[in-house]
Amino acid sequence: MPVSDFPMTRRGLIAGSAALGAGLALGFHPVRAQSPGPVRLGALLPLSGPLSQFGPEIAAAHRAVIEEVNAAGGMFGAPVEYFAEDDQNVPDTGLLATRKLMGADGVCAVMGVLNSAVAAAILPACWENRVMVLGVASSDTLVELPHDGYFVRTQPHTVLQGHKLAEIAQDEGAQSVFVLAPQQPYSANLIAGIRAQLEPAGVPVGELIFDAKKTSFRSEVEAALRDEPGALILGGYPPENVIIAKEIYRAGYEGKVIVLSAGLTPTVIEGAGAEVVEGWLTSTPVADSGSTAYQRLAGLLKVDQPHLFSAQAYDHVNLALLAIAQAGEATGAAIRDNIRAVGDESGTAVDNALDGIVAIAAGQRVNYLGASGPCKFEPNGNIRVTIFDTLVVRDGKLVSAA
């Protein structure tokens, strides 16, 4: 789905020429002569299947930024084009879609990528083709792959999320914990994070890995509750959690239920019933709602509170465009080599690609401060700083537990 109605207005041409002239005067070369044509960015999103409630708003965030840049004259005197594909939350489907993005569409970056199994499937193809991946997928094993720098993620890794869930159990006074998690690449690391936090404190942790494709989880819930744990931690996604919630309620469990953030959503509350999930807790990474970037995103999407994944999507596309501007070429290697440079803490603070491109063309260093947070990355691709909040279901709504 390319964003291709590029407005070649006189204003855009003049603005582009002025910025180019200023950049060249300061020794900045915004495009190589051998690299003409549009900047092409891709996205791999869950537009159907599990997590599909997030896909459309993520795509809208990507498009809003690109349309804003194109309306101002594009990049290097050419349009930015956008191509979105549906991974259906299925690794093989995601890989086929990624090959299309890299081949027929010729993108230099793949953004989005929520599911860890999908990310694990596509990363080898992307680094082999020197295509940058800006993702959300949080499995720790992803950064252990030899991705050669072609992967960064704005979501905190799974071990850290496990620590946070375990901290809630401790705060709630749980003397024992049981973890129900699906057969997903991230589950082992999630459980490792929970154990690392609780077992040194003398809190025993039981676990059961289940097949999320099943339509009934009664036996799994019965096994988890057999020894009456003080807290039950769920590591799955919304579809299975709706079913599991009803089984927990049917069993009359009175302990605390703590859920991985992606698995406790308004769709779970609605699907299971507000009474069923009343009091459920999650420790969730949250967007930087006080930032100017978040407020800009809310304005672009015309919503009061964009989801964290939408905030991360906004950051992905802005970071990709800024890294391309910094490098002067639209390639995956250019994004890889410059994505940290556009977060220079001594540089001019910017919260959007438009302002950053102008600053870079003027020879300035920039410090991108995003809607999801500061967007600073470790050498292995992990995000350095994440904001967390503890949420609770009260009267059918997820609210801060503070």
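At what angle do helix 2 and helix 12 pack, and how far apart are their axes? Before you select them, note that this is a predicted model, in which local features need pLDDT of at least 70, side-chain atom pairs count only at pLDDT 80 or more, and totals for chains, interfaces and linings use all residues. Residues are numbered from 1 along each chain as its sequence is written, and side-chain values use heavy atoms, with hydrogens and water left out.

**Stop 1: helices 2 and 12**

Select residues 55-71 for helix 2 and residues 308-327 for helix 12; they pack at about 35°, with axes 8 Å apart. Helices here are DSSP runs of H or I with at least four residues, strands are runs of E with at least two, and both are numbered from the N terminus. Axes are lines fitted to C-alpha atoms, for helices over the stretch in contact, and angles run from 0 to 180 degrees between N-to-C directions. This crossing is right-handed, meaning that the near helix is turned clockwise from the far one by less than a right angle (anticlockwise would be left-handed).

Now show the side chains. On helix 2 the contact (heavy atoms within 4.5 Å) includes Ile58, Ala61, Val65 and Val69, while helix 12 brings residues including Phe309, Ala313, Val317 and Leu321. By class, the contact has ten nonpolar residues, three polar and one charged. Ala, Val, Leu, Ile, Met, Phe, Trp, Tyr, Cys and Pro count as nonpolar, Asp, Glu, Lys and Arg as charged, and the others, Gly among them, as polar.

**Stop 2: helix 11**

Keep helix 12 and add residues 292-301, which are helix 11: the two pack at about 100°, with axes 10 Å apart. That makes helix 11 roughly perpendicular to helix 12 (65 to 115 degrees; under 35 is roughly parallel, over 145 roughly antiparallel and the rest oblique). Ser310, Ala311 and Tyr314 of helix 12 meet helix 11 residues, among them Leu297, Leu300 and Leu301. This contact divides into seven nonpolar, one polar and one charged.

**Stop 3: the five-stranded sheet**

Next, colour the open sheet of five strands, ordered 2-1-3-4-5 with parallel pairing; strands pair if DSSP finds at least two bridges between them. Strand 2 (80-86) and strand 5 (151-153) are the edges, each with a single partner strand, so one side of each has no neighbour in the sheet. From one strand to the next, the twist averages 20°.

At one edge, strand 4 (residues 132-135) runs parallel to strand 5 and is joined to it by three bridges; Val133 has Phe151 as its bridge partner. Helix 3 (residues 91-102) packs on the sheet, touching strands 1, 2 and 3, and its direction makes about 160° with that of strand 2.

**Stop 4: strands 6 and 7**

Select residues 177-182 and 205-210, strands 6 and 7, which pair in parallel over six bridges. Look for Ala181, whose bridge partner in strand 7 is Ile209. Between the two strands the chain goes through helix 6 (residues 187-198), in a right-handed β-α-β crossover: with the strands pointing away from you, the path from the first strand over the helix to the second runs clockwise.
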